[in-house]
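Q: Please take a close look at the surroundings of ligand 2 in this model. Which residues are the closest, and how do the residues of the shell divide into nonpolar, polar and charged?

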Amino acid sequence: MVRKGWNLGSLVCRVGSPGFYLKMLAQESIVSSPGKVILHGEHAVVHGKVALAVGLNLRTFLRIRCSKHGKVLLNLPNLGTCLNWEVATLQTLKTAFPADSDGPKSPSPEQIAALKVFVGIASESADTENLAVLAFLYLYLSIGAKYRALPSLEIIVWSELPTGAGLGSSAAYNVSMAAALLMAHGAVGFPAQEEAESARWTAEELNLINTWAFQGEKIIHGNPSGVDNAVGTWGGALRYHAGKITSLERVPKLRILLTNTKVPRSTKLLVAGVKDKVLKFPNILNPVLSSIDAISQECERVLKEVNQNPSADCYTVLEELFDINQHHLNVLGVGHPSLDRLCQVTASHGLHSKLTGAGGGGCGITLLRPDVDPAVVEAAKQQLKACGYECWETHIGAPGISLHVFSALREEVQKVFQTFEKAEL
Ligand SMILES: Nc1ncnc2c1ncn2[C@@H]1O[C@H](COP(=O)(O)OP(=O)(O)O)[C@@H](O)[C@H]1O
Ligand SMILES: C[C@@](O)(CCOP(=O)(O)O)CC(=O)O
Ligand SMILES: [Mg+2]
């Protein structure tokens, strides 16, 4: 049964035998997906090594409305972009996106080229903001080809996450988009529960959402490992290894100081740079990747120990692993003077940090022991802020993709959607 408070976008109730659907299109749906923090394994995970990643309590919210005006509206306030297309014009891309009953497929170079021409992006453009529009069109047209319909929709995406800072904003964007589009087609259900303020999908549906989101990540990252969209879908704390996702059980409530150096960078270019380096110096860099793999595994072991038998020694090991991995990431060429400064500042207060995500700027994480003196954390924060950085404390493990009741959203999020209520078509 669906509670009165739910705003329904595409309500699909499975009734009786499989395949029998009662489909009701009503007003709107709001979904959200978390950002992520990679504790260890960034970049190495692209090369088949283990990564440990956790959901972050900063989220991307997406509102989808099915409409009747025959247009598709995409409003991306974080980028200052608002676009709309006639569905009839989007139909002209059908040659690149023919009806196809198979599951999600990797974007082909021809499809990407067709989308770039359609949007008017120079083929060599490195502007990552445009990639959000390409990823949307790719998902809209591919999911449309699979379910044989191009619906008229209004979509707004707004995020609490800084974009391009290593916290997985691209994955939160792609996961929310995949979930919303699949819901609009009735390919995943509308999991509203009576009396609940938010709801989640079944494991099978989450798999489908994750697989489509991964295709969107391919547009934005070039060659993603899949770890970010896995966290955006499942949330919590995950071990990710060559596509295999395992939930980390009973992870301790680690306290982390997140610092954004605000130095912009592109995940796509950084990932490509590491690949080039590994190809150029395989005997030198493969051992580094293997060492990062060993760090992730050791971290996983110590996290279990912290949970069962917490000791000061465990935290010392976790700190040492941060230090070693930060050096490795510098060797891979994804460091940045802003990140060196972050590590130096925190070290001067006895704290240990590493970059998180693709590096090259963006964010770093600093481990906070449970018994850390609050005055020490405050002093470190002040000094980081004096460098022009932004920092905030967080703890790890946020829920994955969720469906929300509008009235239960934080006031700030409600206001964002209300501001864009009457977006111009
Ligand atoms: N809220 C958002 N609205 C629109 N596009 C977004 C949003 N969040 C992320 N993106 C897309 O993801 C890109 C950033 O992805 P990426 O370089 O992988 O960094 P990260 O995932 O670490 O934030 C942006 O340039 C944009 O294309
Ligand atoms: C560098 C990498 O390991 C993580 C990138 O994360 P982000 O986009 O910087 O948040 C790439 C990947 O896993 O696809
Ligand atoms: Mg990303």
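A: pLDDT is the predictor's confidence in each residue, from 0 to 100. This is a predicted model, and its chain has a mean pLDDT of 90, with 92% of the residues at 70 or more. The scores for the model are ipTM 0.98 and pTM 0.92. One stretch falls outside that picture: over residues 1-25 the pLDDT stays under 50, and the model has 50 contacts beyond four places in sequence for these residues.

Now to the ligand. Ligand 2 is surrounded by 17 residues, and Pro224, Ser225, Thr267, Gly357 and Ala358 are the closest. Two elements, α6 (227-234) and α7 (267-280), each give two or more residues to this shell. By class, the shell around ligand 2 holds 8 polar residues, 7 nonpolar ones and 2 charged ones. Both domains take part: domain 1 (10-243 + 401-419) and domain 2 (252-395) each supply at least three residues of the shell around ligand 2.

The two domains also share the largest nonpolar core, which has 115 residues. Val37, Ala53, Leu139, Ala178, Ala179, Ala180 and Ile209 have the most contacts inside this core. Because domain 1 (10-243 + 401-419) and domain 2 (252-395) both give residues to the core, it lies between them. Ala178 serves as an example of the contacts: leaving aside residues up to four places away in sequence, Ala178 touches Leu139, Ile209, Trp212, Ala213 and Gly216.

Notes: Residues numbered from 1 in each chain as written. Chains lettered and ligands numbered in written order. Predicted model: local features only at pLDDT ≥ 70, side-chain atom pairs only at ≥ 80, totals over all residues. Contact = placed C-beta atoms within 7 Å. Core = buried A, V, L, I, M, F, W, Y, C linked by C-beta atoms within 7 Å. Buried ≥ 20, exposed ≤ 12 C-beta atoms within 10 Å, placed from the backbone. Domains from an automatic or database assignment. Near = placed C-beta within 6 Å. Helix = DSSP H or I, 4+ residues; strand = E, 2+ residues; numbered from the N terminus. Nonpolar A, V, L, I, M, F, W, Y, C, P; charged D, E, K, R; others polar.
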